Amino acid sequence: MKKVLNLILFLGFTFWCFAQDHVNSENRIANRHCLDCHGQRVYSFVNPDDGSTVRKLMPVDFRVDSALFYTGAHHIFKCVDCHVPEYDSFPHPNQLRFEPMYACLDCHGGDDTYAKYHFETIDEQFQKSVHSPETLNGFTCWNCHDPHSFRINQRTGESIANTIAYDNAVCMKCHFETGSEVMLLLANEKLKPMSVSHDWLPNQELHFRQVRCIECHAAMHDSLLVAHLVSPADSAVKQCKECHSRNTMLLSSWYRFQNIENRNKNGFVNGVLLNEAYVIGASRNEILNILSLILFGLTLGGILVHALFRLKMNKRKRHE
Amino acid sequence: MSEKLYLYPLWLRLWHGLNALFFLTLLVTGISMQYSDIDFPLVRFDLAVTGHNIAGIGITLSYFMFITGNLFTSNGRQYRINIRSLFSDLLAQGRYYLFGIFSKQIPPFPVTLKSKFNPLQRVSYIGAMYVLFPIVAITGWALLFPETIARQAFGYSGTLLTALLHIVMGFFMSIFMIVHVYMCTVGKTPLSNFKSMINGYHEAH
Ligand code: HEM
């Protein structure tokens, strides 16, 4: 039985791969040329003077991970759909360094297909955020949405754990303990190490694994699934109760647009949270609550009755 | 007429004082975390977390004092059960608490130096100290280092299951404590047992 199941799985997977491949095959062939260099740690080219093969290291910042590229949101593109075709030649012509890049709204703005994402609203929120190009010279959406790998998770039903890991990795690309080199390009001032700016938060590692940075740092917007208004740190959530309570805000950020019934599971009030996390104060079980109240009541009642009898007998004894 | 027995050596009283202090702290902070609510704050959440952690560490340390004391002094012998007569002993003591006590009957197991607990006390102390407490303490320490807990078990978050066990056992400990404190008022006078726990001497009826 297990063998048959494995076979079906294997065939299904192979078919899926072929299907994927078919969609991309044309692009994959076109992109192969670019990825032969940009997808490798070591690239090589032929020296036109003597015909010898030269091997060099591809600088980290110019690498494109082809596996991530083909699972990303923009996997249907050829490299030269976004980059000018002149990149075909190597060494790349100098003036290409000044190629203007598309912005998200160049393609997605005013397009009904993407209305549900509210790109324009996201852009407004971004312009008001701490990362806006007005405050940080040269910061664009691409800084968080890596053009060659980014994907969306929350809307596509990815598990909460994976979504948190992905979304936090986006922030931590720049905001990790010591701060990345990118910060040299963008930052006006040096930020504190993460463990210092969050020293008030116990179980830091756990929190960074189980809760998204934007939960504390970005204000929700009614029509957006993912908050984009990252505000100055002094207005970030610092109150534990925002999350650690029955009316935890995690519910509204995780489960917006999902049906509410989903929330009740085996008596757990905030049931949906349970598969992924245990949040003190938020994960509560009604059945256990009621049981414990009953048991508590019975104990106190028993004690009360016993005490009353003792008092009564004592009095009687004293009268005798 | 009242004879005095030295039943509670200093280390035991010290342990018990610390234990009671820590436990009450754990109880208040624990409840305030579990039922934390934006509108009705009992103890501020971060203070509750810190308080609970400190008291948890404290009560574990003092527990080792209890274990060590009972390993190396004669007090440990008080915690040995006579299995063969256990059932009938419990029944006799139960009957006394439910009926005999009201007509000032003589307790079936009077306090002596060799045996200061009645069978019900002995069983409930063993249950609280050697069963419930270790479970609460181990799950509590696990929650202090959540990395040690399996991420998923039976389709639920491992932390959830650990926390549930912790809370349920903690709840039973609290029930134990309430009954325990009440039963301690059964003495020569309602307060005499508490005095004993301070000065070490038990006053017989
Ligand atoms: C969960 C917390 C508590 C635990 C686990 C606990 C446990 C114990 C144990 C094991 C003994 C027997 C010690 C021995 O002689 O070897 C004892 C005795 C005693 N405890 Fe507690 N206790 C707790 C809380 C309290 C509190 C809050 C009070 C009073 C405010 C109290 C009052 C007494 C008294 C008066 C005695 C002496 C009477 C006797 O030996 O039964 N206890 N306790």
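Which residue of chain B has a polar side-chain atom 2.9 Å from an oxygen atom of the ligand? In this predicted model, the residue is B:Y8, and the views below start from that contact. Local features need pLDDT of at least 70, side-chain atom pairs count only at pLDDT 80 or more, and totals for chains, interfaces and linings use all residues. Residues are numbered from 1 along each chain as its sequence is written, and side-chain values use heavy atoms, with hydrogens and water left out.

**View 1. Polar contacts to the ligand, meaning pairs of N or O atoms within 3.5 Å.** Besides the B:Y8 pair at 2.9 Å, a polar side-chain atom of B:Y125 lies 2.4 Å from an oxygen atom of the ligand, and one of B:H180 lies 2.7 Å from a ligand nitrogen atom.

**View 2. The shell of 22 residues around the ligand, each with a heavy atom within 4 Å of it.** Those that come nearest are B:H16, B:Y79, B:K116, B:Y125 and B:H180. By class, the shell divides into 15 nonpolar residues, 6 polar and 1 charged, where Asp, Glu, Lys and Arg count as charged, Ala, Val, Leu, Ile, Met, Phe, Trp, Tyr, Cys and Pro as nonpolar, and the others, Gly among them, as polar. With 6 residues, α1(B) gives the most to this shell.

**View 3. The chain that carries these residues, with 6 helices and 4 strands in chain B.** Helices (H or I, at least four residues) and strands (E, at least two) are DSSP runs numbered from the N terminus, and along the sequence they follow the pattern β-α-α-α-α-β-β-α-α-β.

Definitions and conventions. Chains are lettered from A and ligands numbered from 1 in the order in which they are written. A polar contact is a pair of N or O atoms within 3.5 Å; within protein, one must be able to donate a hydrogen and the other to accept it, and residues adjacent in sequence count only if both atoms are side-chain atoms.
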